[in-house]
Structure formats: structure tokens, C-alpha cells
Amino acid sequence: MFLYEPKYIQFYNEIAKKYAEETYFERLLSFSAFLSKSIKFLTPATLLLMASFYKNQQKLLILNEQKKTAELTALKHQLNPHFLFNTLNNLYTLALKKSDQTPEVIERLSDILDYMLYRCNDTFVSLQKEIELIENYLSLEKVRYGKRVQISFERNIQQDVKIAPLLLLTFIENSFKHGVSQELNEAFITINISLKNNQIIFNIKNSKPTVSLEKNTEHCIGLKNIKKQLELIYPDNFDLDIENTTKFYTVTLKLLAK
């Protein structure tokens, strides 16, 4: 301002004359003059910084979403593979015996694989489809364990809502793995799924074997995966309660329906 301002003081108004007559250092030390002139430069600078911040935030959101998708995909691929191998072994045994159950087992296994590979790639899927998946899974496990396990499955769903895929199945897999496979006598599993006030309530309870080879099932990979998925998909919208006693293992999960 001091170097390039033209010296036509006679054409200035009284306020401009006052500043024009001041020396460079007087202007430099004048807070009011500094503030009034700075606005001209700070305003566009602030707008540019805000635009840059917004652009960076958008990039960060995209990266976080991509990371979230990648993590969910990896977690889905960590589902217990022993179920597939055990089912194939049971199928082989049934085929050798020429059992009438063989076609039904093949059909249910085919439906499960088709659903897992092709029909549950979205973030949320139909709860009814998840229930059908659970029914197929339970049917195969009944063939596998026979009279060694008593299974009760109740559902009270008045309307179809959306839920993240394969969440509930992991808890059911864990119940068979830690509650039935190691039990020498008869085991039991009770499952209940209901919908109340737009909230999905899932409860599963299984007996624990008298002698268990695993002392702490709470830290199994499946449970860690499911907790991670819940934190990614349902942040602050889920309630997971686990009760681990000497005889029973109970899980209650409440989710906000989509």
C-alpha cells in the first residue's frame, strides 16, 4: 500500500488522507489499518483452505469406505471352512450307504454355497434369506450329528427387513463347534430370532461339554471377526451380550433393522 499508493492526496477523503500521510512504520504498527487491509487477502485464502480441507475430507471418506469394504470382504472369507469339509464327508458316507437323504443334503449344500458366493455380496440383505440360510445349515448339521444334538429354532418376524449378511451364522457355527462337536452325550442348541420396534433380536444358547479341549471360546477367530464386523457395519447401533457359565453359553445380539 505504501509503495504503490498514488500520491494524489487532494482527491482523498479525510480518512484516506489520514492514512496516506502516515509513514510506512506508522501504517505497519496500526492494528486497525492492518486488520482492514488484511481482510482482502485473508478472505480468498480462507476460502481456498476450506476448499482444500473439504477435498481432503472427501478423499479420506472414500479411502475409509474402500478400507471398510476390503475388511468386510476379508472377514467374510474367514468363515469356518470345516463345515464344508464335514458336510462333504457326510455326503460321501450317505452316498456309500445309498441313503435317501443324499439328494436333500446336496440340494441344501448347493443353496448354501450359492448364497455365500453370489447372493450376499451387498452390505445388507433380506433377513428372510438369512433365515433360509440358517435353516439349510441346521438341516445339514442334524444329518451330521443325528441324535447327539437337540435343535430348537424359533422366529417371530412380522415383516422382512435388512441385515448384514452371515452375521448370525457365525454365532451358530461357534455353537456347534464349541458346544456340540466336543460333547460325548446329548447337547442342545436353542435359537430365537424376533423383530420388535424395528430392532432385530437374536438369541442363541448352547450347552457346554463336560470336558472341553478349549478353555476360552470367547477369543476364537469367529467371534473376533463378528465383533469387528459389527463395529464396521453397525457403529453405535448394536448391543452384544455374552454369558459364559460352566454349563451354558448364551449370546444375545440386538441390531437396528435396515
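How many bridges join strand S5 to strand S7, and in which sense do the two strands run? I took this up as the opening entry on the predicted model.

**Entry 1: S5 and S7.** I looked up strand S5, residues 199–207, against strand S7, residues 248–256, and found nine bridges between them. The two strands run antiparallel. For individual pairs, I noted that asparagine 203 has threonine 252 of S7 as its bridge partner. I also recorded serine 207, which stands opposite phenylalanine 248 in S7.

**Entry 2: S6 and S7.** I then turned to strand S6, residues 238–244, which pairs with S7 over seven bridges. The sense of this pairing is antiparallel. Asparagine 244 faces tyrosine 249 of S7 as its opposite residue. I checked the connection as well: a hairpin of three residues leads from S6 to S7.

**Entry 3: the sheet as a whole.** I next placed these strands in their sheet. I read the order as S2-S4-S5-S7-S6, an open sheet of five strands with mixed pairing. Strand S2 (149–156) and S6 each have a single partner strand, so they stand at the edges and one side of each lacks a neighbour in the sheet. On average, neighbouring strands of this sheet are turned by 5 degrees against each other, direction ignored.

**Entry 4: H5 and H6.** For the helices, I recalled that two packed helices are described by the angle between their axes and the distance between the axes. I looked up helix H5 (residues 102–119) with H6 and found that their axes come within 9 Å. The axes cross at roughly 140 degrees, which makes H5 oblique to H6; the cut-off that matters is that angles over 145 would count as roughly antiparallel. I recorded the crossing of H5 and H6 as left-handed.

**Entry 5: the cavity.** How many cavities of 30 Å³ or more does a search of the whole structure find? I noted one, and the volume of the largest cavity is about 30 Å³. I listed its lining as Thr87, Asn90, Val105, Leu140, Glu141, Val143 and Arg144. By class, this lining of the largest cavity divides into three nonpolar, two polar and two charged residues.

Which helices each supply at least two residues of that lining? I found helix H4 (82–97) and helix H6 (127–145) to do so. H6 gives the largest share of the lining, four residues. I closed the notebook here, having met H6 both at the crossing with H5 and in the lining of the largest cavity.

How values were computed
Residues numbered from 1 in each chain as written. Predicted model: local features only at pLDDT ≥ 70, side-chain atom pairs only at ≥ 80, totals over all residues. Heavy atoms only, no water. Pairing = 2+ DSSP bridges. 1 Å grid on protein atoms, 1.4 Å probe; cavity = no way out; pocket = protein on both sides within 12 Å on 5 of 7 lines; lining within 4 Å. Points joined across faces, edges and corners; volume = space filled by probe spheres on them. Nonpolar A, V, L, I, M, F, W, Y, C, P; charged D, E, K, R; others polar. Axes fitted to C-alpha atoms, helices over the stretch in contact; angles between N-to-C directions. Parallel < 35°, antiparallel > 145°, perpendicular 65-115°, else oblique. Left-handed = near helix turned anticlockwise from the far one by under 90°.
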